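Okay, everyone, thanks for squeezing me in. Let me put the structure up and then walk you through a few side chains.

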Amino acid sequence: MNRQWIYTAAPAGKLTTDIFELRKLDVPEPGPGEVLVHNRYFNVMPGNRAYMHANPIHGPNSLHAGQPMVSVAVGEVVSSNDPGFAPGDMVQAMSAWQDYVAVPAQNLVKRDGAHSAEHYVGLLGHTGYTAYFGLLHVGRPRAGETLLVSAAAGGVGSAVVQLGKISGCRVVGVAGGPEKCAWLEEEVGADATIDYKAGDLAEQLKQTCPEGVDLFFDNTGGPVLEAALDAMKNGGRIVLCGNTAQYDSDKPMSGPKGVPLTLILKDLTMKGFACSTYWDQFGEADRHYSSWLEDGRIKPFYHVIEGLEQAPSALVGVLGGANRGMTMVRV
């Protein structure tokens, strides 16, 4: 049996689990040049909700009613019609939310098994790569700088906080609620935190970053980005990674205010990026993460949800801020 989650209708407002349908299908037969993979884990991230806006910018991941949900998955090869893969190989690919999937061999990445499957969804997967290349290649942090990270308790954010500390920055994390803020400081290593649910972001930023922010890694957009613009130092840099403040809505907000005038007056640089741009450099991230995991300079924070049947509620939970660290489903 092959269970598969289907996206059935565009959400009206915030995402609810009733727009998903679990179907039972036959296990697919791999065609010429394809590999049959048994999924073991797949990631769940706010970007899954963004796919539902059916924006052409998402390319093949843009969803329409009746299509299966998709995520980056790690699985085991069951059978192969390609000489480069054999039964038992651990592989990584963009996959549907289902037990078994037939994937063209050129879309698979073979993993060497030196780490657990969880790591290949987490730090050594799309989420970890997003943090690594977004901060270190796009943001280019320097020792002594103040780094501000929004959605800092999430998958990408919690990795960025740690990468910022490795880079010698003073790291300030933005999260929702005192418990998450305490976790960021006590477990993840943030130097200070801002609770966006406590109100008056501008005043909190002044108190926490009195000399201003050199580098802002933004996962949320919306009000946090708007407040951060005023807190940036002249010549500061802003890395745009996500827009989670607006994903879970059918009516995204306009803004933020201050663009482009604040960028001009403060000589700010604001740059977005796509993780896939760095495809040929993923090995660099793997080497560094492996070293940092071994010497304890970085910790994996994984929120593992048990069972494919829990995937829709896992995504609703991520969008509602229920997770700490990288969320993944163990199929």
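Quick bit of vocabulary first: a patch here is built from residues with over 30% relative accessible area and no salt bridge, and nonpolar side chains are joined within 5 Å. Also, keep in mind that this is a predicted model.

So, with that in hand, Leu-261, Ile-264 and Leu-265 make up a nonpolar surface patch, together about 350 Å² of accessible area. Ile-264 sits in helix H9, residues 261-266, and with 59% relative accessibility it's exposed. Now compare Val-70 in strand S5: that one is buried, at 14%. Its C-alpha is 6.8 Å from that of Met-94, 24 residues away in sequence.

Okay, salt bridges. How many are there in the whole structure? The search turns up 15. Take Glu-309 and Arg-3, with their closest N and O atoms 3.3 Å apart. Glu-309 is in the loop between strand S15 and helix H11, and Arg-3 is in strand S1, so this pair ties together parts 306 residues apart in sequence. Arg-3 is buried at 17%, while Glu-309 is partly exposed at 40%. And there's a third partner: Asp-99 joins Arg-3 and Glu-309 in a salt-bridge network.

Next, Arg-237 and Glu-145, at 2.8 Å, N to O. Here strand S13 is linked to the loop between helix H3 and strand S9, 92 residues apart. Both Arg-237 and Glu-145 are buried.

Last one: Arg-40 and Glu-76, bridged at 3.3 Å. Arg-40 is in strand S3 and Glu-76 in strand S5, so the pair ties together parts 36 residues apart.

Methods
Residues are numbered from 1 along each chain as its sequence is written. This is a predicted model: local features need pLDDT of at least 70, side-chain atom pairs count only at pLDDT 80 or more; totals for chains, interfaces and linings use all residues. Side-chain values use heavy atoms; hydrogens and water are left out. Helices (H or I, at least four residues) and strands (E, at least two) are DSSP runs, numbered from the N terminus. Buried means under 20% relative accessible area, exposed over 50%, partly exposed in between (1.4 Å probe, protein chains only). Patches are made of residues with over 30% relative accessible area and no salt bridge: like charges are joined within 9 Å, nonpolar side chains (Val, Leu, Ile, Met, Phe, Trp, Tyr) within 5 Å. Accessible areas come from the Shrake-Rupley method with a 1.4 Å probe; for residues, only the protein chains shown count as cover. A salt bridge is a side-chain nitrogen of Lys or Arg within 4 Å of a carboxyl oxygen of Asp or Glu.
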